[in-house]
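Me: I'm new to this one and would like to get to know it. Could you walk me through it with a few questions and answers?

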Number of protein chains: 2
Amino acid sequence: MQQVEGNIVDIHSRKIFPGVLSIDRGKILSIHSNSKKYTHYISPGFIDAHVHIESSMLLPEEFSRLAIRKGTIGIISDPHEIANVKGIPGIEFMLKNSKNALIKMFFTIPSCVPATPYDASGACINASEVCALLETGEFIGLSEVMNIPGVLNEDPEIMAKIQATLRKGKIVDGHAPGLTGKELKQYIQAGISTDHESTKYTEALEKISAGMKILIREGSAAKNYEALKELIRTRPEQVMFCMDDAHPDDLYRKGHIDQLVKRAIQDGFDLFDVLRIACLNPVKHYGLNIGTLNVGDRADFVIFRDLTHFGIESVYVDGKKRYENSRRGEIYTFPNPPRLSEDDIRGAKECNCFCREQIEEKDLQKSVNTAITCIRVIPDEIVTLKETIFLENSISNFESDPKEDVLKLVYLNRYKNLPPQIAYVRGIGIERGAFGSSISHDSHNILAVGCTDREIVQAIHGIIREKGGISVVDGAHSKVLSLPVGGIMTFNRAEEVIDQWEELMKQLKDMGTSLKSPLMTLSFLALLVIPELKIGEKGLFEYSNFRFISD
Amino acid sequence: MQQVEGNIVDIHSRKIFPGVLSIDRGKILSIHSNSKKYTHYISPGFIDAHVHIESSMLLPEEFSRLAIRKGTIGIISDPHEIANVKGIPGIEFMLKNSKNALIKMFFTIPSCVPATPYDASGACINASEVCALLETGEFIGLSEVMNIPGVLNEDPEIMAKIQATLRKGKIVDGHAPGLTGKELKQYIQAGISTDHESTKYTEALEKISAGMKILIREGSAAKNYEALKELIRTRPEQVMFCMDDAHPDDLYRKGHIDQLVKRAIQDGFDLFDVLRIACLNPVKHYGLNIGTLNVGDRADFVIFRDLTHFGIESVYVDGKKRYENSRRGEIYTFPNPPRLSEDDIRGAKECNCFCREQIEEKDLQKSVNTAITCIRVIPDEIVTLKETIFLENSISNFESDPKEDVLKLVYLNRYKNLPPQIAYVRGIGIERGAFGSSISHDSHNILAVGCTDREIVQAIHGIIREKGGISVVDGAHSKVLSLPVGGIMTFNRAEEVIDQWEELMKQLKDMGTSLKSPLMTLSFLALLVIPELKIGEKGLFEYSNFRFISD
């Protein structure tokens, strides 16, 4: 038996008192109050209620190392990205790797793989496969149901997935940006109980009134805290926090759910309301096996130095100290040695799906007439515009015209040796060189953009050579951040990935782009479910008509 | 005896070879090459050739924790700031605390305390005190000689300090921005052998030709790398790296000398030239007791994962592993337990010098005529302009006029209960509230600026209450970053200081300032040796006439 003492933060009774926890076999055996003076606090840990681990480019185990040092004790992860690459074996790989994580990781079953019928993904997951996954008992619910028309039209496939999940008593997550009125009611009626896509306070209020829980999202891409924060005061029982997408540098430098907690405290919201949202509500809604400092609970808690800056001294999971931060350093105690076994690496590599031959410059030739339909990107947005530019003469191969900010954009299927799709994009703003990536939502085919065909081909070569990665070419210099796990993740440590990532970003800025995150902009250019003009398997895709168009 | 193996980086012979170091009693006993394949590198560590530890607000011991994780093995520190507050006991405190540092810390004796005869510092250090300090054997030289007119006019006091240092065979550091021609030659002739204030390539070249070593400075305030970097190619034997001023967030997030090394490598400079500058030249010039991987040297070295990102695996000092960074965490091994003893804390508190009673609003009353002489700050510069503004009528107490960006500026001696000096400043840009600090170069009296007398007084109260600190007041909210050590440093851990610092910065931005670093701007408003208009013991000080003026 083990004892831990300090000021105990009891979210349930909204009190803080000095006392001692007795811990036995991973559970809290008893809690005694005393009258000692402590300077530190024992509190339930933070929970990220919806995050795609893959966006961090890190394996689950390594993700947990960044999360625990920010006081995170658990996450709910939707392995949607790896599922689009490699289907069920991809999901199983994530699950297996997460067993060695420092924190508690829960998974939902991706509901929409592929994301649209127009997508060229590496895998499909149908309703009977969802049922089989539910039977394993390894999942806590069904991931965000993005197929809203499917729900409203009662498409049998998506309805079967939802109903199978509900029959098991599990949660079905939603994804319903801007959905309102009758359609919102019908969507909720189907059994979907959460939403993390609200961007307006009134939108969130309507959803809560109709019966949903709202996840306030503040991630590397979308940031909704400012718009939604008033919910903390008005609906503290109906709200959770999530990051959705978390880049490794943000997790490392800015923080995880702790950032939201600190901001909320600074904004003057009630400490117990904020902690309820960060620590307790996800446990209740999803039935997570995470303790919240009740007698009999799992002994999961965080020791904070104070309740304004939330400096973290240590984190206990199932009664074991998994993280400690003292002046002597930061110490992580993984369940198993964190070196990947041969088995793990083989598993990860098998989880890739990169069956692509190299291409040549001549494959990128494209003749154009005097009018060209271009994708116009908007800085720091994922929506685009359709723009037409006019040339004086038709050209047999129009490479790029960096002076006019017209760059060639290449889409290359990485699962099959199909010919590249070629279009033009404005607003990226590099004045020389090329770059590309095998992270491209949601199917993660290869996208590349550049000023010359030669450099575009070189950027793509780097990605194919590494079986996935982010590639930047600038004249004779080229760099690749290798992503051999599914073409979207790495085996490496977070610090190394951050170093490489920041170096690539610096290089892209040097090349002339003024976009805050040019790689994020690129990675959304093949996401067809977002307006207005995107690129996909059959060329340019127009959202307002929801079809491929000829350029 | 202990053995460490890897790819050995030999800066002296400009070679890298696989091999084994044998270490005995803190020294390198032998080096053997072999033919094994290693992925990691053993290299001499980085050295910061000139830094004021106090600017980090951290104690030397804690500073060392941030430095070692960036591959720094030694620093040369000028305890000029604490010396201006508390004289020799202040210097001795720094020395004592540095004995428990993770890295090797060398100190020079401040040469200019106070910085000018017009300064109201807490202490003076005269020539005979410099001689006494030299006798202790604890110092490697005399700190930057800022008193250029003193040297050129052969002022007996400063000449005595220089000559005593040279007689001991130690180095005299310079500080000669823009000095050229005959005067430069005379300054060097006096025995001053380094300069870290060059901002132009030609300026640096002239100084090197005249016999000086140049420190390329890239700190939190001044940034000269871009201007001087070509020296790495043209004069690699005459150059060192330094930060001069290092804020804790920059040290923690951006890095230390490793940042300069990485940039230089990325800019295509030769690896061995860069490492020579970062690791070897300071050892040679100052005769530092730091090993550089020769047989017989102290066993001081860093293990890098690679030589482009310089990811650090571990750092050895005198053969002891003082830092390790693996997936299991970051581990620091201090020479002694890093908890401060009662003795240390008492020592530090005695090292403060804060004998100031609180003031009241009525003390800040100032009647103005229709013309007011204002200090105009320039964004992100430490030089200011003199500006006159005109009012329609004279006013019996002119508080501030935030709409016109005219704010009351208060200077308050913290060593004696003298009345405050009051002036007006434009360009700070806060639209509400007030802020102040007891960090103000070089004497560290209190400066505060604000929109109302009430809030200015409140900000000053916070600083006096804590016996030093940085204070921000915004209506009913007020926050103080407490600096009880000399009114310029804290006992706290770096991470806590960074949290608090960033919170204050956020608050100041919220209050409307668009200055990148409003606290840095404020802290230079009493530094009289910089143009054009500043505030001091007797009111406004005009640089071009080098005298106090009546406003």
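Me: In chain B, the charged end of which residue sits over the ring of Tyr332(B)?
Reply: Happy to help, and please keep in mind that this is a predicted model. A charge counts as sitting over a ring if, among other conditions, it is within 6 Å of the ring centre. Here the distance from the centre of the Tyr332(B) ring is 5.3 Å, and the charged end belongs to Arg65(B).

Me: And in chain A, how far from the ring centre of Tyr332(A) is Arg65(A)?
Reply: Arg65(A) lies over the face of Tyr332(A). Its distance from the ring centre is 5.3 Å.

Me: What kind of axis relates chain B to chain A?
Reply: Chain B can be laid on chain A by a turn of 180° with a shift of 0.2 Å along the axis, and the RMSD is then 0.0 Å. That relation is the one given by a two-fold axis.

Me: Which residue of chain B has the C-alpha nearest the axis?
Reply: The turn that lays chain B on chain A is 180°. In chain B, the C-alpha nearest that axis is 2.5 Å from it and belongs to Glu330(B).

Me: Through what surface do the copies meet?
Reply: Look at the interface residues of chain B: 100% of them are also interface residues in chain A. The copies therefore meet through the same surface.

Me: Which strands stand at the edges of the nine-stranded open sheet in chain A?
Reply: The sheet in chain A runs in the order S12-S11-S10-S9-S8-S7-S6-S5-S13, with parallel pairing. An edge strand has a single partner strand, so one side of it is left without a neighbour in the sheet. In chain A that describes strand S12 (239-242) and strand S13 (244-245).

Me: Which residue in S7(A) stands opposite Gly74(A)?
Reply: Strand S6 (residues 72-77) and strand S7 (residues 104-109) of chain A run parallel and are joined by four bridges. Opposite Gly74(A), in S7(A), stands Lys104(A).

Me: How many residues apart in sequence are the parts that Tyr118(B) and Phe548(B) tie together?
Reply: Over all chains the count comes to 24 aromatic pairs. One of them is edge-to-face, formed by Tyr118(B) and Phe548(B), with 5.9 Å centre to centre and 75° between the planes. Tyr118(B) lies in the loop between strand S7 (104-109) and helix H3 (127-135) of chain B, while Phe548(B) lies in strand S27 (residues 547-548), so the pair ties together parts whose separation in sequence is 430 residues.

Me: Is Tyr118(B) buried or partly exposed?
Reply: Buried means under 20% relative accessible area, and exposed means over 50%. Tyr118(B) has 31% relative accessibility, so it counts as partly exposed.

Me: Is Phe548(B) buried or exposed?
Reply: The cut-off for buried is under 20% relative accessible area. At 18%, Phe548(B) is buried.

Me: Which residue has its backbone nitrogen 2.7 Å from a polar atom of the Asp258(A) side chain?
Reply: Asp258(A) lies in helix H11 (residues 257-266) of chain A, and it is buried, with a relative accessible area of 3%. Leaving aside neighbours within four places in sequence, Asp258(A) is in contact with Phe46(A) and Lys70(A). The backbone nitrogen at 2.7 Å from its side chain is that of His256(A).

Me: What is the relative accessibility of Val485(A)?
Reply: Val485(A) lies in the loop between strand S25 (477-482) and helix H15 (494-510) of chain A. Not counting residues up to four places away in sequence, Val485(A) touches several residues, including Leu59(A), Phe93(A) and Ala348(A). Val485(A) counts as buried, and its relative accessibility is 0%.

Methods
Residues are numbered from 1 along each chain as its sequence is written. Chains are lettered from A and ligands numbered from 1 in the order in which they are written. This is a predicted model: local features need pLDDT of at least 70, side-chain atom pairs count only at pLDDT 80 or more; totals for chains, interfaces and linings use all residues. Side-chain values use heavy atoms; hydrogens and water are left out. Two strands pair if DSSP finds at least two bridges between them. Helices (H or I, at least four residues) and strands (E, at least two) are DSSP runs, numbered from the N terminus. Rings of Phe, Tyr and Trp (its six-membered ring) pair if their centres lie within 6.5 Å; planes under 30 degrees apart count as stacked, over 60 as edge-to-face and the rest as tilted. Buried means under 20% relative accessible area, exposed over 50%, partly exposed in between (1.4 Å probe, protein chains only). A charge sits over a ring if NZ of Lys or CZ of Arg is within 6 Å of the ring centre and within 35 degrees of the ring normal. Copies are superposed by least squares on the C-alpha atoms of residues with pLDDT of at least 70 in both. Contact means heavy atoms within 4.5 Å. A polar contact is a pair of N or O atoms within 3.5 Å; within protein, one must be able to donate a hydrogen and the other to accept it, and residues adjacent in sequence count only if both atoms are side-chain atoms.
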